[in-house]
Structure formats: C-alpha cells, structure tokens
Amino acid sequence: MTSKEKILKNIKENNLVKDVKLPSYENFGVKFEDKFETFSKMIESVGGKALLISKEDLDKTIKNLYPDEKQIASDVDFCSVGNFDANDFDDAHDLKNIDLAVVKGNFAVAENGAIWMKNENNRHRALYFIAQNIVIVINEDEIVNNMHEAYEKLSFEKAGFGVFISGPSKTADIEQSLVIGAHGPKSGYVIFIKS
C-alpha cells in the first residue's frame, strides 16, 4: 500500500458524518406582553402612529385624520373614503397626485414597528411610496413579536413584490437630523381593526 493509499484510507475511516441534532429556535427572539403597545412605541419612534379602532369607525377616523385630502386611493374593501382606484391606471406615474393611500397590511412586527406589505391585488407597488400620506390597515390579531416570527409567516412560493414598511418616509443623513417625508409619504398611520 502506497503512502497516498494509506492517507486516503485513514481519511475514509476517520471522516464519519455524525448525525447531530440541529439546535431548536422555538424560544428565539424577544416576546412582549402587550404587542400593540410595543408596536405603537416603535412606530412612533420613527415618525408614525398606531391606532386601535373598530371596523365601523375606519371611515370616520380617516376623515378626522385627513380632512383636507382630495385624491384618496383605497384598496381596503370596507373603507369607502377612496374616490378613485389606482388599479385603473396603466402607468404608476399617473399616481403622482395621490394625497392619501389607504392600503391593506398583512401583519405587523412589534419588535421594530414594521408592517409586511404584499397585496397581490395592488397593481402598482409605487402606491405605497408615491402618496403624500399613507394609512395601513391591519387586523388586531396580526401582530407578531419579532422578525423571527415574521419570517415564519412569509411565503416565497409565488413570485411577486413584498416589503416591510415602518412609518412614513424618513432620512437622518442630512446633518444628523431626522427628516420626515424626504422620499415618500409625509405621514403614516397604522390602523389596527379590533378583533
């Protein structure tokens, strides 16, 4: 047996793959007693605001928050304040004059105040960013504790657009001061509908 054969034989004998159990991630990530309260604090820290209302009060609440807005797009089926359908336009550039977008969110993350947005019925993803103001509507029971739980809820089986949004547009790179509405919506509300 040559030296090479001895070395390869020893490698084969000692290179055993052991079946090692993977670590559990069940208790991974921070949990909160009151997810809505935590979410509210986090979204306020980035310039947004969270409200908890009944479904019947949605229209009235939006009208109180934005009494002067003229062009309102809504893709929330139980919201009647919208006066035009953004999906009717072929070109997203035609949405440039939207004062307010009322859109559906899939779920919220208490840990960082983010909302997962993936609405297959929304033709233009620009709607989330081109409107002067945005209201995201989510069911109260759709708040997860942390991003670990959030990623478990995501499904990438169908291709398409999805994004986490947290509050209105902002930047802090100009003289280290926070500027709200720099590149998109000037104000952002997340309205949770009571279960």
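**A tour of one sheet and one cavity**

Begin by selecting residues 107-109, which form strand β4, together with residues 114-117, which form strand β5; these two strands pair in the antiparallel sense over three bridges. The model on display is a predicted one.

Next, show Val109 and look across to β5, where Ala114 stands opposite.

Then widen the selection to the sheet around this pair. Four strands make up an open sheet, and their order is β7-β4-β5-β8. The pairing within this sheet is mixed. For the edges, select residues 143-144, which are β7, and residues 163-165, which are β8. Each of these edge strands pairs on one side only.

The second part of the tour turns to enclosed space. How many cavities of 30 Å³ or more does a search of the whole structure find? The search finds one. The space in the largest cavity amounts to about 40 Å³.

To display its lining, select Ile43, Ile115, Ile134, Ile136, Ile165, Ser166, Gly167, Gly188, Tyr189 and Val190. Two elements, β6 (133-139) and β11 (187-193), give two or more residues to this lining. Colour β11 separately, as the largest share of the lining, three residues, comes from that strand.

Finally, colour the lining residues by character. Which classes are present among them? Seven are nonpolar and three are polar, while no charged residue takes part in the lining of the largest cavity. Among the residues to inspect here are Ile134, Ser166 and Tyr189, each of which belongs to the lining.

Terms used
Residues are numbered from 1 along each chain as its sequence is written. This is a predicted model: local features need pLDDT of at least 70, side-chain atom pairs count only at pLDDT 80 or more; totals for chains, interfaces and linings use all residues. Side-chain values use heavy atoms; hydrogens and water are left out. On a 1 Å grid over the protein atoms alone, a cavity is a set of points where a 1.4 Å probe fits but cannot get out, and a pocket is an open set with protein on both sides within 12 Å along at least five of seven lines; lining residues have an atom within 4 Å of a point. Grid points are joined across faces, edges and corners, and a volume is the space filled by probe spheres set on the points. Ala, Val, Leu, Ile, Met, Phe, Trp, Tyr, Cys and Pro count as nonpolar, Asp, Glu, Lys and Arg as charged, and the others, Gly among them, as polar. Two strands pair if DSSP finds at least two bridges between them.
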